[in-house]
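Trainee: Before we look at anything in detail, could you take me through how one reads such a model, feature by feature?

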Amino acid sequence: MRGLRESLSHQLHADGNLWDDGPLPDFTSGLMWTATGAFGMAVLALPGSDRDHIVLALGLGMFAVAWGVISIGMAARGHGMTLGLRALITAATMPLVALSMFATGGATSFIQPVMIFTALFISYFFPPRLAWPLMALFVYAFATPLFYDNTRALDVGYPARVVMFALAVAGTTVAVQFLKGRLVRAELHQRTMAELDPLTGVANRRGFDLALERAAATGDPYALILIDLDDFKRVNDEQGHPAGDAVLQSVAIAAASVARQGDCLARIGGDEFALIAPAAGPAGVLRLLRDLRDSVEHAATYAAAIVPEDAGTPDGLVAIADARLLAQKRDLKQRAPAIHA
């Protein structure tokens with residue numbers, strides 16, 4: 001269960017893709033198949049259930065449970081299907097849906113109400129270009145009793161049911177996809193705001209940590225530059241916090257003008273900034289340090305570290321850069337009395 005929780009807690013839609021749902025579709029599908037198969041076999045024992053094809057119905061129920069367990073297992077391991085493969089498998093299960101209706105009563109099948117699961121699954125986890133063809137196949141599977149159970153189908157008004165079922169799944173598709181779009185956009189906006197420093201507009205500590213994780217996950221070299229403002233407390237004490245805020249904002253603007261596309265500039269402390277520079281080597285770091293010193297007007301101390309030259313992990317990189325920064329700050333303090341003397 002721990003692996004399943006970790007897989008499902010993975011951040012989704014990181015790049016704004018509405019259909020990047022990770023292992024969630026496989027987990028949801030697994031629950032649907034398992035529940036439908038288990039309950040479908042159980043209700044065969046209830047009075048009035050059609051048991052003319054009970055062997056076939058039980059076989060389909062066991063298959064549904066087995067496939068559901070496999071899907072949940074894939075989700076637990078984080079081995080989710082690609083969108084295209086999931087669409088292909090969903091399409092391939094439509095004959096099984098039609099066969100299940102045949103095995104449980106055709107036009108009077110008791111599985112009809114639970115088919116809302118499939119409609120919701122398709123409309124939530126597939127983009128329109130895949131959802132609509134799959135919905136068309138789904139409606140066709142629902143309509144198959146008209147071909148082999150014509151007399152009973154007409155007695156229960158099944159043609160009208162098919163029409164209204166098609167209308168229901170079409171409405172479900174439109175509504176769910178519209179609501180999912182709004183939900184994901186709101187989630188992304190909230191996530192963005194949670195990763196930004198409200199004063200300077202650059203990333204905050206949370207955004208910094210996530211950017212560091214992303215840089216490390218690529219396996220490529222990356223660099224970290226720390227910027228610590230000198231005598232910042234004196235600005236607040238002598239000129240007031242509005243003046244201090246203005247300094248922080250000006251530093252953020254200056255550093256952002258130096259940052260390359262793909263870099264992450266973050267405010268990670270009261271007067272400390274950090275720049276994560278993916279794919280930057282020693283020469284690139286020297287250029288960034290030079291440009292930062294030229295652009296940032298307030299006096300500051302800089303320190304840098306690079307993966308893999310200086311460290312092999314994000315924590316090690318931060319520790320090395322921080323140690324270098326502290327060493328430079330100590331050197332400055334030691335030199336200051338000598339200069340004044």
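Trainee: What span should the 20 residues of helix α2 have, and how far apart are its end C-alpha atoms?

Mentor: The general idea is to count a fixed rise for each residue and to compare the resulting span with the distance between the ends; in this predicted model, helix α2 covers residues 24-43, and at 1.5 Å a residue its 20 residues should span 28 Å, which agrees with the 28 Å between its end C-alpha atoms.

Trainee: Which residues of α2 are buried?

Mentor: A helix has 3.6 residues a turn, so residues three or four places apart point the same way. In α2 the buried residues are Pro25, Asp26, Phe27, Ser29, Gly30, Met32, Trp33, Gly37 and Gly40.

Trainee: Where is Gly80, and which residues is Gly80 in contact with once its neighbours within four places in sequence are left aside?

Mentor: Gly80 sits in the loop between α3 (54-77) and α4 (83-92), and, leaving aside neighbours within four places in sequence, its contacts are Asp26, Met74 and Arg86. Asp26 is also one of the buried residues of α2. Gly80 and Pro23 lie 57 residues apart in sequence, yet their C-alpha atoms are 4.7 Å apart in space. With a relative accessible area of 34%, Gly80 itself counts as partly exposed, because that class runs from 20% to 50%.

Trainee: Which residues form the nonpolar patch on the surface?

Mentor: Leu56, Leu99, Phe102, Tyr140, Phe147 and Tyr148 form the patch, and together they have about 580 Å² of accessible area. Helices α5 (94-103) and α8 (145-148) each supply at least two of its residues. Tyr148, placed in helix α8, has 37% relative accessibility and therefore counts as partly exposed.

Trainee: How does the radius of gyration of the protein stand against that of a compact globule of 341 residues?

Mentor: The comparison sets the computed value beside the one expected for a compact globule of 341 residues, which would be near 20 Å, whereas the protein has 30 Å. Along the principal axes, its C-alpha atoms fill a box of roughly 105 × 35 × 35 Å. The secondary structure comes to 15 helices and four strands, and 43% of the 341 residues count as buried. Among contacts with a separation of 6 or more, 69% join residues 24 or more positions apart.

Trainee: What share of the exposed area do carbon and sulfur atoms supply?

Mentor: The protein exposes about 18000 Å², and carbon and sulfur atoms supply 63% of that area.

Terms used. Residues are numbered from 1 along each chain as its sequence is written. This is a predicted model: local features need pLDDT of at least 70, side-chain atom pairs count only at pLDDT 80 or more; totals for chains, interfaces and linings use all residues. Side-chain values use heavy atoms; hydrogens and water are left out. Patches are made of residues with over 30% relative accessible area and no salt bridge: like charges are joined within 9 Å, nonpolar side chains (Val, Leu, Ile, Met, Phe, Trp, Tyr) within 5 Å. Accessible areas come from the Shrake-Rupley method with a 1.4 Å probe; for residues, only the protein chains shown count as cover. A salt bridge is a side-chain nitrogen of Lys or Arg within 4 Å of a carboxyl oxygen of Asp or Glu. Buried means under 20% relative accessible area, exposed over 50%, partly exposed in between (1.4 Å probe, protein chains only). Contact means heavy atoms within 4.5 Å. The radius of gyration is taken over C-alpha atoms; the globule rule is 2.2 Å times the number of residues to the power 0.38. The expected span of a helix is 1.5 Å times one less than its number of residues.
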